[in-house]
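Trainee: I've got this model open and I'd like to zoom in on one part of it. Could you walk me through the nonpolar core, and then whatever sits around it?

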Amino acid sequence: MHLRFGLLLATIFEILLPVASQGQPALPDVPKEIAVPPGHKLLFKMEAKGVQIYKTVEGKGGTLEWVLEAPLADLLEEEGGKAGWHYEGPSWEAVDGSKVVRDKTEDVKSAPAPKAKQDIPWLLLRVKAAEGKQGKFTPVVYAQRLHTEGGKAPGDLPKRVGTNVGVEYKATYYFYGQAK
């Protein structure tokens with residue numbers, strides 16, 4: 001009898017669990033340095049594919065170095081359709097015209113990517129809705145960059161000031177709003 005009851009419960013959970021979680025992406029496992037503060041919930045996630053743009057500047061001692069200027073990426077829905085853009089600011093803009101930008105009242109939090117020598121760090125940024133159109137991004141207060149691939153500055157030193165280069169990268173962005 002207990003075995004049948006256990007199998008019945010297992011079957012019910014197999015049926016109900018996917019239904020309960022439909023439309024809600026799974027919470028990512030992240031280092032504590034970039035964990036979203038309590039009181040927030042995951043709203044959605046998007047894949048990014050594009051470049052990290054680096055610019056040559058003169059560093060201390062007169063040596064030339066690469067400095068991140070801006071990202072430039074397409075944001076994609078989980079099904080692969082165009083969801084928006086990620087660009088200078090940093091800013092995230094949805095195809096519906098809503099947009100969030102970095103809230104500079106809080107520092108960006110960072111954790112090394114698992115393959116830190118080749119992939120840009122994972123980040124947590126406080127964001128705020130930009131003036132203008134209301135839409136998908138309006139309730140977002142945190143953006144988290146995870147599962148990065150590529151995007152690191154070139155390994156070779158730059159040759160002249162003002163040179164720009166785009167380095168391909170991919171990432172998954174998780175967007176959080178206030179829990180109600």
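**A look into the core**

Mentor: Let's start with the overall picture: of the contacts between residues at least 6 apart in sequence, 63% join residues at least 24 apart. Keep in mind that this is a predicted model. The protein has one helix and nine strands, and from the N terminus the helix leads, with the strands following: α-β-β-β-β-β-β-β-β-β. Of the 180 residues, 33% are buried.

Now the core itself. In soluble globular proteins, nonpolar side chains tend to be buried together. Here the largest nonpolar core holds 23 residues, and Leu75, Trp92, Phe137, Tyr173 and Phe175 have the most contacts inside it. At least two core residues apiece come from strands S1 (40–58), S2 (64–76), S4 (91–94), S7 (122–129) and S9 (164–178). S9 gives the largest share, five residues.

Put Phe137 in the middle of your screen and look at what surrounds it. Once you skip the neighbours within four places in sequence, Phe137 is in contact with Phe44, Met46, Leu75, Trp92, Glu93, Ala94, Ser98, Lys99, Val100 and Phe175. Leu75, Trp92 and Phe175 in that list are also among the residues with the most contacts inside the core. Apart from this core lies another one, made of eleven residues, including Ala111, Trp122, Leu124 and Tyr176.

Tyr176 takes us on to His40, since the two touch; leaving out residues up to four places away in sequence, His40 also touches Arg126, Val141, Tyr142, Gly177, Gln178 and Ala179. His40 lies in strand S1. Is this histidine buried or exposed? His40 has a relative accessibility of 18%, and the cut-off for buried is under 20%, so His40 counts as buried. As for polar partners, the His40 side chain meets the side chain of Gln178 in a polar contact of 3.3 Å, and it also reaches the backbone oxygen of Pro38 at 3.4 Å.

Last stop, the open space. The largest pocket has a volume of about 320 Å³. It is lined by 20 residues, and Gln52, Leu68, Pro90, Leu123 and Arg145 are the closest to its centre. S1, S2 and S7 are the elements that give two or more residues to the lining, with S2 supplying the largest share, four residues. S1, S2 and S7 also turn up among the strands that feed the largest core. Sorted by class, the pocket lining comes to twelve nonpolar, three polar and five charged residues.

Methods. Residues are numbered from 1 along each chain as its sequence is written. This is a predicted model: local features need pLDDT of at least 70, side-chain atom pairs count only at pLDDT 80 or more; totals for chains, interfaces and linings use all residues. Side-chain values use heavy atoms; hydrogens and water are left out. A nonpolar core is a set of buried Ala, Val, Leu, Ile, Met, Phe, Trp, Tyr and Cys residues joined through side-chain atoms within 4.5 Å. Buried means under 20% relative accessible area, exposed over 50%, partly exposed in between (1.4 Å probe, protein chains only). Contact means heavy atoms within 4.5 Å. A polar contact is a pair of N or O atoms within 3.5 Å; within protein, one must be able to donate a hydrogen and the other to accept it, and residues adjacent in sequence count only if both atoms are side-chain atoms. On a 1 Å grid over the protein atoms alone, a cavity is a set of points where a 1.4 Å probe fits but cannot get out, and a pocket is an open set with protein on both sides within 12 Å along at least five of seven lines; lining residues have an atom within 4 Å of a point. Grid points are joined across faces, edges and corners, and a volume is the space filled by probe spheres set on the points. Ala, Val, Leu, Ile, Met, Phe, Trp, Tyr, Cys and Pro count as nonpolar, Asp, Glu, Lys and Arg as charged, and the others, Gly among them, as polar.
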